[in-house]
Amino acid sequence: MRNTTYAYAILEDLFPRDELNSALIGTANMLGSAYFENQGGKFTAKVLPNAAQISPAQAFVAADFNADGKTDLLLVGNDYGQQIETGPIDSGNGLLLINAGKGNFSPQAACQTGLWANLDARSAKLLNLKSGIKLLLVGNNNARMQVFEVK
Ligand SMILES: [Ca+2]
């Protein structure tokens, strides 16, 4: 099936009727990557910027990457485990979101950050070495770990 044909296909074009009849049907209220802000004991979902929505976020690190006193977010993700009909979700390259205050985050381009976590990422950890060097470790499914120095 070509991309254009797939883009205009309806569910019945992609899956046999008997599979659809026996399918588990769920309901999603929100599909975007978001964080929950604690507002005096009540948690409110805040959707992250569009740059964070191009691929599923599988792991994140919350830290102050630009040393301004505000906690930033670094996301990694993708998902290669899709069925063949849908293909891998592989548009993510990792994303640093700088905390701009008041619940806003500013996406940083890969050419600014040097972050290129473009694999099927499943984990992310920040490692502070005794020497003062900070490393970002990105664990990937069926691939080597990636290591980035944080400056
Ligand atoms: Ca910060």
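Tutor: Let's start with the vocabulary: DSSP runs give us helices (H or I, at least four residues) and strands (E, at least two), and both are numbered from the N terminus. This is a predicted model, where local features need pLDDT of at least 70 and side-chain atom pairs count only at pLDDT 80 or more, while totals for chains, interfaces and linings use all residues. Residue numbers start from 1 along each chain as its sequence is written.

Student: Okay, so how do you know that Tyr-80 is in a loop, and which one is it?

Tutor: Tyr-80 sits between strand 4 (72-77) and strand 5, in the loop that links them.

Student: What makes Tyr-80 partly exposed rather than buried or exposed?

Tutor: Count the other C-beta atoms, placed from the backbone, within 10 Å of a residue's own: 20 or more is buried, 12 or fewer is exposed, and anything in between is partly exposed. Tyr-80 has 14, so it is partly exposed.

Student: And what is Tyr-80 in contact with, leaving aside its neighbours within four places in sequence?

Tutor: Pro-88, Asp-90, Asp-120 and Asn-141. "In contact" means that the two C-beta atoms lie within 7 Å. Asp-120 is 40 residues away from Tyr-80 in sequence, yet their C-alpha atoms are 6.0 Å apart.

Student: The loop between strand 4 and strand 5 also holds Asn-78 and Gly-87, right? Why is Asn-78 called buried, and what makes Gly-87 exposed?

Tutor: Both do lie in that loop, Asn-78 as well as Gly-87. Asn-78 has 25 other C-beta atoms within 10 Å, so it counts as buried. Gly-87 has 11 inside 10 Å, so it counts as exposed.

Student: What else stands out about Asn-78?

Tutor: Its phi is positive, about 90 degrees, although Asn-78 is not a glycine. Most residues other than glycine have a negative phi. Asn-142 also has a positive phi, near 55 degrees, and it is found in the loop between strand 8 and strand 9.

Student: Why is Asn-142 called exposed?

Tutor: It has 9 other C-beta atoms within 10 Å, so it is exposed.

Student: How do you know which strands make up the sheets? Let's take the one with four strands.

Tutor: Two strands pair if DSSP finds at least two bridges between them. The four strands form an open, antiparallel sheet in the order 3-4-5-6. Strand 3 (57-63) and strand 6 (104-108) each have a single partner strand, so they are edges with one side left without a neighbour in the sheet. On average, neighbouring strands are turned by 30 degrees against each other, direction ignored (the axes are lines fitted to C-alpha atoms).

Student: What makes strand 5 and strand 6 a pair?

Tutor: Five bridges join strand 5 (residues 95-101) to strand 6, so the two-bridge requirement is met. Ile-98 stands opposite Ser-106 in strand 6. The two strands form a hairpin with two residues between them, and Lys-102 in the turn has a positive phi of about 55 degrees.

Student: And how are the three strands of the other open sheet ordered?

Tutor: They run 7-8-9, with antiparallel pairing. Strand 7 (121-128) and strand 9 (146-150) each have a single partner, so these are the edges. The twist averages 20 degrees from one strand to the next. Seven bridges join strand 7 to strand 8 (residues 134-140), and Leu-127 stands opposite Leu-135 in strand 8.

Student: What makes a group of residues a nonpolar core, and which residues touch the most other members of the largest one?

Tutor: A core is a set of buried Ala, Val, Leu, Ile, Met, Phe, Trp, Tyr and Cys residues joined through C-beta atoms within 7 Å. The largest has 22 residues, and Phe-60, Leu-74, Leu-75, Leu-96, Leu-97 and Ala-124 touch the most other members. Strands 3, 4, 5, 7 and 8 each give two or more residues to this core. Beyond its neighbours within four places in sequence, Phe-60 is in contact with Leu-73, Leu-74, Leu-75 and Ala-124.

Student: Now the whole protein: how many helices and strands are there, and is it more spread out or less spread out than a compact globule?

Tutor: There are four helices and nine strands. The radius of gyration, taken over C-alpha atoms, is 19 Å, well over the 15 Å from the globule rule (2.2 Å times the number of residues to the power 0.38) for 151 residues, so the protein is more spread out than a compact globule. The C-alpha trace spans about 60 × 40 × 25 Å along its principal axes, and buried residues make up 21% of the 151.

Terms used:
Axes fitted to C-alpha atoms, helices over the stretch in contact; angles between N-to-C directions.
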